[in-house]
Amino acid sequence: MTLAQRLSRYQTANTACKPVASGRLDRVVGLTLEAIGCRAPVGSVCKVETLTGELEAEVVGFAGETLFLMPSEQLSGVMPGAKVTPILHNSGIPVGPELLGRVIDGIGNPLDGLGPIFTEQRAAFTSTPINPLSRKPIKEPLDVGIKAINGLLTVGKGQRIGLFAGSGVGKSVTLGMMTRGTSAQIVVVGLIGERGREVKEFIDEILGKEGRERAVVIAAPADASPLMRLKGCQTSLTIAEYFRDQGFDVLLLMDSLTRFAQAQREIALSVGEPPATKGYPPSVFAKLPALVERAGNGNENQGSITAFFTVLSEGDDLQDPIADASRAILDGHIVLSREMADAGHYPAIDVERSVSRVMPAIVSDDHMLMSKAVRQILSICRKNQDLVAIGAYKSGTDATIDQAFSFKPKLDNYLQQEMKEAVPYEMCVNMLRSTLGG
Ligand SMILES: Nc1ncnc2c1ncn2[C@@H]1O[C@H](COP(=O)(O)OP(=O)(O)OP(=O)(O)O)[C@@H](O)[C@H]1O
Ligand SMILES: [Mg+2]
């Protein structure tokens, strides 16, 4: 049922709700417009008259007779008393194979100068949750082309993983390596709240020409309105869902989930929701799982959405409320370490602190044993490295420590990978086996 049909049913049932009419702008506080004299449901769009034309704004809340609206573009040219007209058909975003190779903004408009996008279908920004019992279980590994992940933190088709890191430790490069190396048929990249310069760099240098052919990029940079950033995340999920429902294996890369939470924080605070943890209002913690749960496997006839959400851990603090909340709702986390990046060890994946919760269910026993052995070696080396460095440990004292240190250089070599290099899954497992000496 469309929004307009639902509303008319509601109006018939509820005589107190008058038909929708035009209202006027009463007040502007920060980024929020307050309109009176019109009724529209939360989530619907209104047109607001401006000096130069009109702008679209979404209803994000109400108090009594006042509607709170959030514009999807820059707020300029609005005047006191400007006409506000609710439009009931929220047209959603275009979805279809025509999107492949394109770069769009948070609400589906092309950004790449390659002309308008015509698709047969459109889809809503949000979707009804899948019945958890009808989802396919995660059974098969997904190749992401990175040795450290394929070998030691194997990702399953339909898994949702957090990529936790501070700024500048290689999140974007790691995501870019996956877009080139993955076996997924479709890649959906959401660049949310990033610097505008990074968007172009990601598309031209990291994704490249052949990567773009099977990718859709959704960009809502830092200077886009909070609503646009929020919608950008939802649009990414909607597009990924469309391809999943067609039976494709989709890799969704979202950079970053923290910016999504921050956009929701801006919106919620401006409509008067009280802040809770670190300034984040409670609605943020409700929106996060609602977004993340949209990724994952579909039913038996559908494909999968394997999703990587980057999470900024401010000052490399993993206890940040968004990092904490995300870890609880994701099926695994990969931590990028600043210390390793500083030492020039790329990708700076800290295997010891990372975990793929579905790995035991999707790899062979032999593979799992190898991954455990690597963790043990890394842990022994880390605990004893200071002793070895200052010469307090003499080789021959403890056979396990000696053995661990003898494997360390080969392992470090295995864990490092050039930006442009993609290593297929089987090869990663074989290389791991030979690194550990069979
Ligand atoms: N696999 C790699 N090989 C070589 N260098 C790398 C690799 N990964 C990252 N780097 C280096 O780290 C730098 C920062 O990486 P990147 O831009 O991906 O970080 P980021 O975490 O996305 O940063 P920001 O938080 O600013 O978005 C790169 O410019 C590059 O020099
Ligand atoms: Mg980045």
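**Ligand shell, helix packing and backbone exceptions**

Biologist: Why are helix 3 and helix 4 oblique to each other?

Modeller: This is a predicted model: local features need pLDDT of at least 70, side-chain atom pairs need 80 or more, and totals for chains, interfaces and linings use all residues. Residues count from 1 along each chain as written, chains are lettered from A and ligands numbered from 1 in written order, and side-chain values use heavy atoms, without hydrogens or water. Angles under 35 degrees are roughly parallel, over 145 roughly antiparallel, 65 to 115 roughly perpendicular, and the rest oblique. Helix 3 (residues 171-181) and helix 4 (residues 196-213) have axes 10 Å apart, at an angle of about 40°.

Biologist: Which hand has the crossing of helix 3 and helix 4?

Modeller: Helices here are DSSP runs (H or I, at least four residues; strands are E, at least two). A near helix turned anticlockwise from the far one by less than a right angle is left-handed, clockwise right-handed. The crossing of helix 3 and helix 4 is right-handed.

Biologist: Which helix gives the largest share of the shell around ligand 1?

Modeller: The shell holds 14 residues (a heavy atom within 4 Å). Gly168, Lys171, Ser172, Val173 and Arg195 are the closest. Four residues, the largest share, come from helix 3.

Biologist: How many charged residues are in the shell around ligand 1?

Modeller: Five shell residues are nonpolar and five polar. Asp, Glu, Lys and Arg count as charged; Ala, Val, Leu, Ile, Met, Phe, Trp, Tyr, Cys and Pro as nonpolar; the others, including Gly, as polar. The charged residues number four.

Biologist: How much of ligand 1 does the protein bury?

Modeller: Oxygen atoms of ligand 1 sit 2.8 Å from a side-chain N or O atom of Lys171, 2.7 Å from a polar side-chain atom of Ser172 and 2.8 Å from a backbone N or O atom of Val173. Taken alone, ligand 1 exposes 630 Å² (Shrake-Rupley, 1.4 Å probe). The protein buries 74%.

Biologist: At what angle do helix 6 and helix 7 pack?

Modeller: Helix 6 covers residues 257-270 and helix 7 residues 282-292, with axes 9 Å apart. Their crossing is right-handed. The packing angle is about 135°.

Biologist: Which residue in the loop between helix 6 and helix 7 has a positive phi although it is not a glycine?

Modeller: Most residues other than glycine have a negative phi. In this loop the exception has a phi of about 45°. That residue is Lys278.

Biologist: Where is the cis peptide bond with omega near 10°?

Modeller: The bond leads into the loop between strand 13 (249-255) and helix 6, where Ser256 is found. The cis bond runs from Asp255 to Ser256.

Biologist: What omega has the cis bond from Tyr346 to Pro347?

Modeller: Pro347 is in the loop between helix 9 (338-342) and strand 17 (355-356). Omega for this cis bond is near -10°.

Biologist: Which hand has the crossing of helix 11 and helix 13?

Modeller: Helix 11 (residues 365-389) and helix 13 (residues 425-435) pack at about 55°, with axes 10 Å apart. That makes helix 11 oblique to helix 13. Their crossing is left-handed.

Notes
A polar contact is a pair of N or O atoms within 3.5 Å; within protein, one must be able to donate a hydrogen and the other to accept it, and residues adjacent in sequence count only if both atoms are side-chain atoms. Axes are lines fitted to C-alpha atoms, for helices over the stretch in contact, and angles run from 0 to 180 degrees between N-to-C directions.
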